[in-house]
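Morning, everyone. I have one structure to go through today, and I will take the domains, then the ligands, then a helix pair. Please have the sequence and the model open.

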Amino acid sequence: MKVTTIGTGYVGLVTGACLAEMGNHVVCLDVNAEKIRILNEGGIPIHEPGLDAVVKRNVEAGRLQFTTDVDAAVNHGTILFIAVGTPPGEDGSADLQYVLAAARSIGQRMTDYKVVVDKSTVPVGTADKVRAAIAEELARRDAKVGFAVVSNPEFLKEGAAIEDFMKPDRIVVGSDDEQATLMMRALYAPFTRSHDRLFVMDVRSAEFTKYAANAMLATRISFMNELALLAEKVGADIELVRRGIGSDPRIGYQFLYAGAGYGGSCFPKDVKALVRTGREHDQELKVLNAVEEANDRQKLVLVDKIVARFGEDLAGKRFALWGLAFKPNTDDMREAPSLVIIEELVKRGAAIAAYDPVAMSEASKMLAQVQGVSFCERAEHALADSDALVIVTEWKEFRTPDFDRIKSELKQPVVFDGRNLYEPALMSTLGIEHHAIGRGT
Ligand code: NAD
Ligand code: UGA
């Protein structure tokens, strides 16, 4: 099939590359000329494991192209994915300006039947707005061309995007158009090991499903973070509690890790947007308000522990900080807890020696205005002359570090373990003062 993605970010690029892998002919469009230049020169603008190989293979096979040419891109695809950003507006609602601009650019150019797919995360009712924007542009140039708008939210996780797209738990298609449904089924047939993985539903339910999924996952995390704070007070270990409850299949093990708070481009904005949708319909989503509030507090938990240990005035203190990205295996720094932690420590006079395996270039851009932050080429380099080690992101290489070196290079062997990487009993045996999350320390 001929496919176009409008927007070549995390979702658009992964969608385009994975659909090309199944034999489709895909054109990825972006307004960001720099991104398209990098892709056309064989580079990948984001860090995503396995993506480079899929892109390279399909570009070489002539099935995957990148362009800034809107006319060519709109004319190429019969199926057009809108995969542009939907950042939070000032009031927390999803800003639809990029989605609607993409819709208008389709309406201004299309000359034959198109299935327009909302892949971006968009509030209930957006498909109607996309349909109206396209229809308005068609009417403006008096063109009579058929089209359908379907919702097909994306559930991939950064850092595991290729795996998630290639082997989805489910594919949700919101459609009220029979022909479009058939085309979506055919497009996704290679990804659905059995047809019960593809759920066709009405458009509004599909749009809602995406927010419900992210809100549920964020709720689990905030719930565990809140229990972790209490566990510290009552002398329980949240890691043992996690295993104890996760073994119940009704609860399950995933997304029960207490830590330094959730970040990323999606949970924070999607929780906000759903709360906002509730307000627009006179319904306060009380649980989600609390989820957000608990997460804001959680991002400060490591700072509170550091202040409790070293005092409010951190002038003259230096902290080694491992892990800047909002989660491992990505260079994405959007809403990363590390940003809040660094800002709070620097505000109190501390210096930060930071290390991240891939996110330092992104981080240095976002922290350009913050004084007192230096970046180290290797994790160990951050340790020398630091007063303590602070772990914010659970990259694999931090799991079994050289503890002797941590002990000898830090001024004092103090570790703030924001992702519960180390066993408290082992740390105690090694003579390392270990401050974890919800583990009685
Ligand atoms: P992104 O910022 O990485 O990419 C969006 C791209 O769209 C940018 O490159 C931008 O230049 C481009 N763009 C904007 N307007 C355009 C236009 N009119 N024409 C062509 N290109 C245009 O965003 P993302 O992370 O890929 O997210 C896209 C959507 O998918 C969001 O709604 C997000 O919530 C959702 N989503 C993201 C993820 C994820 O893991 N990142 C997962 C599931 C869903
Ligand atoms: C999340 C969802 O997992 C995807 O299904 C969804 O498609 C995506 O949002 C989206 O809509 O964009 P992502 O943000 O890439 O994916 O990453 P997650 O693995 O969900 O992690 C989000 C945050 O939660 C991270 O900061 C992570 O550290 C934190 N987290 C995750 C925890 O604190 N504890 C956990 O147990 C799991």
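The domain assignment splits this chain into domain 1 (2–201), domain 2 (211–296) and domain 3 (299–435). Keep in mind that this is a predicted model.

I will begin with domains 1 and 2. Taken over C-alpha atoms, the centres of domain 1 and domain 2 are separated by 30 Å. The two are in contact, with 11 residues from domain 1 and 10 residues from domain 2 taking part. On the domain 1 side of that contact, the residues are six nonpolar, three polar and two charged.

Next, the ligands. Where does ligand 2 lie with respect to domain 1 and domain 2? Both domain 1 (2–201) and domain 2 (211–296) give residues to the shell around ligand 2, so ligand 2 lies between them. That shell has 20 residues, and E158, Y257, Y262, G264 and C266 come nearest to ligand 2. Helix 9, which is residues 203–234, gives the most to the shell, with three residues. Sorted by class, the shell around ligand 2 has 11 nonpolar, five polar and four charged residues.

Now ligand 1. Ligand 1 is surrounded by 26 residues, and the closest of them are G7, G9, V11, S120 and T121. Two helices to look at here are helix 1 (10–21) and helix 5 (97–109), each of which supplies at least two residues of the shell around ligand 1. The class count for that shell is 12 nonpolar, 10 polar and four charged residues.

Last, the helix pair. Helix 11 covers residues 267–280 and helix 12 covers residues 286–298; their axes come within 10 Å and cross at roughly 150°. How are helix 11 and helix 12 oriented, roughly parallel or roughly antiparallel? Angles over 145 degrees count as roughly antiparallel, and helix 11 and helix 12 are therefore roughly antiparallel to each other. Their crossing is left-handed.

As for who meets whom, helix 11 brings V271, K272, L274 and V275, and helix 12 brings L288, N289, V291 and E292. By class, the residues of this contact are five nonpolar, one polar and two charged.

To go back to the main point on the ligands: ligand 2 lies between domain 1 and domain 2, because both give residues to its shell. That is what I have for today.

Key. Residues are numbered from 1 along each chain as its sequence is written. Chains are lettered from A and ligands numbered from 1 in the order in which they are written. This is a predicted model: local features need pLDDT of at least 70, side-chain atom pairs count only at pLDDT 80 or more; totals for chains, interfaces and linings use all residues. A residue is near a molecule or strand if its C-beta atom, placed from the backbone, lies within 6 Å of it. Helices (H or I, at least four residues) and strands (E, at least two) are DSSP runs, numbered from the N terminus. Ala, Val, Leu, Ile, Met, Phe, Trp, Tyr, Cys and Pro count as nonpolar, Asp, Glu, Lys and Arg as charged, and the others, Gly among them, as polar. Domain bounds come from an automatic or database domain assignment. Axes are lines fitted to C-alpha atoms, for helices over the stretch in contact, and angles run from 0 to 180 degrees between N-to-C directions. Angles under 35 degrees count as roughly parallel, over 145 as roughly antiparallel, 65 to 115 as roughly perpendicular and the rest as oblique. A crossing is left-handed if the near helix is turned anticlockwise from the far one by less than a right angle, and right-handed if clockwise. Two residues are in contact if their C-beta atoms, placed from the backbone, lie within 7 Å.
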